[in-house]
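Got the model open in your viewer? Keep the selection box handy and we'll hop from one stop to the next.

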Amino acid sequence: MTELNNGTLSELPSNVAAPPYDRTRLRPGIAHFGVGNFHRAHQASYIDRCLALPDQNDWGIVGIGLSGGERSRKKADQFRSQDCLYSLTVAPAKGDTSVRVIGAQLDYLLAPEQPAEVRTLLTDPALRIATLTITEGGYHVDPGSGAFATDHPDVAHDLTGNGDLRTVFGFVTEALARRRSAGIKPFTVVSCDNLRHNGEVARAAFVGFANAMDQDLGAWIDANVMFPNSLVDRITPSVSAEDAARLTQASGLADQIPVVAEEFSQWVIEDRFTDGRPALEEVGVQFSDQVKLWEQVKVRVLNAGHLTLTYPGLLLGYREVAEAMRDPQVPVLLGRFLDKIVLPLLEPPRDVDLVDYENTVLERFSNEAMHDQLTRIASDSASKVPVFLTTTIQQVLARGTDHRIPAFVLAAWSRVLRETDDDGKDFEVTEPRLDDSARQLLISGDPREALGIEPLRASGASEHADFVATFESYRRALAERGAKATLSTVLEATSG
Ligand code: CS2
């Protein structure tokens with residue numbers, strides 16, 4: 001099997017496409033924080049296409065990892081041993097998969113071990129954009145007040161100015177301060193996380209961090225740095241060791257870090273950059289002044305739809321999204337949630353038909369070639385539920401419309417936290433941002449208090465007696481009668 005590194009690019013298996021440009025001519029122009037599979041299948045794939053165009057050599061990416069520890073070191077070693085090359089397998093619902101080697105990532109820096117290299121990169125005038133996929137919960141910005149929380153231990157540590165930096169806020173703010181002193185233009189900061197108004201949230205986070213250090217710097221960042229909002233979309237499953245073995249077997253490439261994604265891909269950005277940008281419009285990226293409308297449609301249809309099918313899907317014994325879509329009841333629940341509850345609340349972007357949008361999402365979920373994991377979607381729900389479901393619940397409660405499906409979804413989430421399905425088979429969902437007491441409340445505590453835990457508070461559900469009662473009756477029914485019977489009850493009750 002062919003190994004993957006710069007030296008083997010000219011001898012890849014015939015079914016694998018090599019980067020159609022000379023990597024030695026590239027220079028880093030983008031620093032990316034949080035190099036997960038999604039970034040590698042989405043942004044890096046767009047940049048990779050750009051790099052094949054004339055005059056785009058200055059937009060190579062350098063990945064930056066912030067966490068220390070064994071897993072991060074292993075990841076960095078894998079990147080380096082492959083000269084940061086990896087294969088992207090695109091798995092369409094129908095037709096053959098295609099495999100392409102992505103060459104856009106030029107280097108990978110592990111910040112805890114290479115802080116000086118990270119500083120040098122971020123203060124280089126050639127570095128003109130910093131992009132982020134640091135997860136929905138990684139911004140520490142209160143959705144209600146917009147305030148940045150300075151009490152997270154790593155944030156508090158970086159604010160003391162003592163010892164090595166630990167957070168993206170520390171590195172980026174310090175680099176922006178140095179650029180200001182040296183008269184170097186600031187870079188643009190682009191959030192690529194599934195947050196509503198992600199650019200504004202990023203601005204609140206970085207300006208909030210800087211303000212806590214030095215108000216002048218905060219004001220300067222606020223006035224001089226662009227934080228365009230962006231909508232990102234491409235379903236990208238996790239890759240287990242078995243998945244990697246399957247992918248390498250199929251490609252003939254001994255790739256240690258392969259990624260797989262669906263064919264669909266979308267990136268909509270506001271065209272506000274501090275110091276230039278790649279020719280992304282040439283490779284399918286949409287520049288728009290309607291990103292906020294795109295965002296709300298995407299997170300409230302696709303991401304909320306994912307949660308709606310995932311919780312009952314897991315309890316019913318399924319492990320993949322496409323399997324849950326074959327259940328007789330789950331897609332009915334999903335369709336009803338979207339048609340009756342979500343779509344009537346949305347304002348579509350120009351030229352977007354919401355019914356077409358929903359149908360495309362449902363087709364994407366049914367893609368059998370993807371093997372997308374329900375546990376991937378259920379994990380870190382404490383960060384996802386507030387972004388994907390809160391506004392919908394608030395609006396349902398304000399309008400007095402039928403709240404049974406959202407109440408069922410939250411009840412099913414609480415049941416999933418037990419990590420056992422209705423047949424007693426275990427699965428694993430990680431909840432890094434849910435403390436033990438909140439978790440216990442949600443699983444079996446007083447229902448009003450359960451709905452008042454931090455990730456659910458803003459929805460207002462705990463203040464609504466009928467919602468609380470419905471949630472509690474479904475939570476009990478799930479425990480006593482199981483997901484199948486409870487789902488039938490929900491579907492009967494909402495069929496009219
Ligand atoms: C998923 C997303 O993790 C999740 O909850 O809904 O990762 C989803 O696959 C992407 O947002 C698709 O763009």
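Start by selecting Gln-82, which lies in the loop between α3 (69-81) and β5. Helices (H or I, at least four residues) and strands (E, at least two) are DSSP runs, numbered from the N terminus. Before going further, note that this is a predicted model, in which local features need pLDDT of at least 70 and side-chain atom pairs count only at pLDDT 80 or more, while totals for chains, interfaces and linings use all residues. Residues are numbered from 1 along each chain as its sequence is written, and side-chain values use heavy atoms, with hydrogens and water left out.

Is Gln-82 buried or exposed? Gln-82 has 1% relative accessibility, so it counts as buried (buried is under 20% relative accessible area, exposed over 50%, partly exposed in between, with a 1.4 Å probe and protein chains only). Now show its surroundings: leaving aside residues up to four places away in sequence, Gln-82 touches Leu-4, Asn-5, Ala-254, Asp-255, Gln-256 and Ile-257 (contact means heavy atoms within 4.5 Å). Draw a distance between the side chains of Gln-82 and Asp-255 and you have a polar contact of 2.9 Å. That term covers a pair of N or O atoms within 3.5 Å; within protein, one must be able to donate a hydrogen and the other to accept it, and residues adjacent in sequence count only if both atoms are side-chain atoms.

Next, select strand β5, residues 86-90, where five of the five residues are buried. Tyr-86, Leu-88 and Val-90 sit on one side and Ser-87 and Thr-89 on the other, and both faces are covered. Add strand β6 (residues 98-102), which runs antiparallel to β5 and is joined to it by five bridges. Two strands pair if DSSP finds at least two bridges between them. Then bring in strand β12 (residues 259-261), which pairs with β5 in the parallel sense over three bridges. Thr-89 is a handy marker here: its bridge partner in β6 is Val-99, and in β12 it stands opposite Val-260.

Time to zoom out. Colour domain 1 (2-287) and domain 2 (291-493) separately; the bounds come from an automatic or database domain assignment. The two centres, taken over C-alpha atoms, are 29 Å apart. The contact takes 33 residues from domain 1 and 28 residues from domain 2.

How much area do domain 1 and domain 2 bury between them? The figure is about 2500 Å², with 58% of it on carbon and sulfur atoms (buried area is the accessible area, 1.4 Å probe, that two parts lose on being put together, summed over both). Select Arg-196, Leu-231 and Ile-235: together they supply 25% of the area that domain 1 buries against domain 2, more than any other three residues.

For the polar side of this interface, the tally is three salt bridges (a side-chain nitrogen of Lys or Arg within 4 Å of a carboxyl oxygen of Asp or Glu). Elsewhere on your list, show Arg-364 and Asp-233, whose side chains meet in a salt bridge at 2.9 Å, N to O. On the side of domain 1 that touches domain 2, α7 (198-213), β10 (230-233), α9 (241-251) and β13 (266-269) each supply at least two residues. β10 gives the largest share, four residues.

Last stop: the open sheet of three strands, ordered β10-β13-β14 with mixed pairing. β10 and β14 (286-287) stand at the edges with a single partner strand each, so one side of each is left without a neighbour in the sheet. β13 and β14 run parallel, joined by two bridges, and Val-268 has Gln-286 as its bridge partner in β14.
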